Amino acid sequence: INPGIHISTKEAFENIKPSKPAHSYSETAKNWKTVSDLSADILVNDFEKYVFEQYPVIGCIKERLIKEGAVFSLMSGSGSTVFGIFDTIALAEKVIHLFPAEYFKFISLP
């Protein structure tokens with residue numbers, strides 16, 4: 001889901017404070033078996049804190065995806081796209097229609 005908000009990559013990088021990962025991403029990738037193994041504590045995007053403060057609607061997209069049944073959701077890169085992982089295509093198709101028509105929306109199959 002992309003609300004069409006332009007976020008300057010320069011601005012985003014100037015305003016983040018990268019945190020040291022609590023988990024090794026390479027180990028997580030090797031040991032990942034199911035979507036339910038993902039968690040907000042393991043996979044994080046340090047840009048989210050700044051971007052969500054500056055552009056609350058983007059944080060609301062992530063919250064809505066989770067509220068509506070996404071097993072996992074994360075902002076992509078420095079924003080403004082937010083993705084959600086759903087157990088079924090049917091649920092993803094239902095949820096995608098809850099967002100405004102002017103948002104760019106896309107469903108990808110595994």
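This text walks through the fold, the core, the chain start and the pockets of one protein model. The model is predicted.

Begin with the overall layout. The protein has five helices and two strands. Read from the N terminus, the order of elements is α-α-α-α-β-β-α. The chain holds 110 residues, and 30% of them count as buried. Take the contacts with a separation of 6 or more: residues 24 or more positions apart account for 56% of these. The exposed surface comes to about 7200 Å². Carbon and sulfur atoms supply 58% of that surface.

Now go inside. In soluble globular proteins, nonpolar side chains tend to be buried together. Here the largest nonpolar core has 19 residues. Ile 1, Val 51, Ile 61, Leu 65 and Phe 99 have the most contacts inside this core. Three helices each supply at least two residues of it: H3 (47–54), H4 (56–67) and H5 (89–96).

Helix H3 deserves a separate look. Its residues Phe 47, Glu 48, Tyr 50 and Val 51 are buried. The cover over these buried residues includes helix H1 (9–14), helix H4 and strand S1. Val 51 also appears among the core residues with the most contacts.

Next, follow the start of the chain. Which residues does Ile 1 touch, beyond those up to four places away in sequence? Two of them are Ile 61 and Leu 65. Another group is Ser 80, Thr 81 and Val 82. The rest are Ile 96, Phe 99, Tyr 103, Phe 104 and Lys 105.

Two of these partners sit in one loop. Ser 80 lies in the loop between strand S1 (72–75) and strand S2. Thr 81 lies in the loop between S1 and S2 as well. The peptide bond from Gly 79 to Ser 80 is cis, with omega near 10°.

Is Thr 81 buried, exposed or partly exposed? Its relative accessible area is 31%, so Thr 81 counts as partly exposed. Thr 81 and Ile 1 are 80 residues apart along the chain, yet their C-alpha atoms are separated by 5.6 Å. Leaving aside neighbours within four places in sequence, Thr 81 contacts Ile 1 and Asn 2. Thr 81 is also in contact with Leu 74, Met 75 and Ser 76.

A second pairing links helix H4 to a pocket residue. Ile 66 belongs to helix H4. Its relative accessible area is 43%, so Ile 66 is partly exposed. Ile 66 and Gly 84 are 18 residues apart in sequence, and 7.5 Å separates their C-alpha atoms.

That brings in the pockets. The largest pocket holds about 500 Å³ of space. Of its 23 lining residues, Gly 84, Phe 86, Phe 106, Ile 107 and Ser 108 are the closest to the centre. Strand S2 (82–85) and helix H5 (89–96) are the elements that give two or more residues to this lining. By class, the lining has 17 nonpolar, five polar and one charged residues.

The second largest pocket has a volume of about 160 Å³. Its lining includes Asn 15, Ile 16, Lys 17 and Ser 19. Asn 45, Asp 46, Lys 49, Tyr 50 and Glu 53 line this pocket too. Tyr 50 is one of the buried residues of H3. By class, the second lining has two nonpolar, three polar and four charged residues.

Notes: Residues are numbered from 1 along each chain as its sequence is written. This is a predicted model: local features need pLDDT of at least 70, side-chain atom pairs count only at pLDDT 80 or more; totals for chains, interfaces and linings use all residues. Side-chain values use heavy atoms; hydrogens and water are left out. On a 1 Å grid over the protein atoms alone, a cavity is a set of points where a 1.4 Å probe fits but cannot get out, and a pocket is an open set with protein on both sides within 12 Å along at least five of seven lines; lining residues have an atom within 4 Å of a point. Grid points are joined across faces, edges and corners, and a volume is the space filled by probe spheres set on the points. Helices (H or I, at least four residues) and strands (E, at least two) are DSSP runs, numbered from the N terminus. Ala, Val, Leu, Ile, Met, Phe, Trp, Tyr, Cys and Pro count as nonpolar, Asp, Glu, Lys and Arg as charged, and the others, Gly among them, as polar. Buried means under 20% relative accessible area, exposed over 50%, partly exposed in between (1.4 Å probe, protein chains only). Contact means heavy atoms within 4.5 Å. Accessible areas come from the Shrake-Rupley method with a 1.4 Å probe; for residues, only the protein chains shown count as cover. A nonpolar core is a set of buried Ala, Val, Leu, Ile, Met, Phe, Trp, Tyr and Cys residues joined through side-chain atoms within 4.5 Å.
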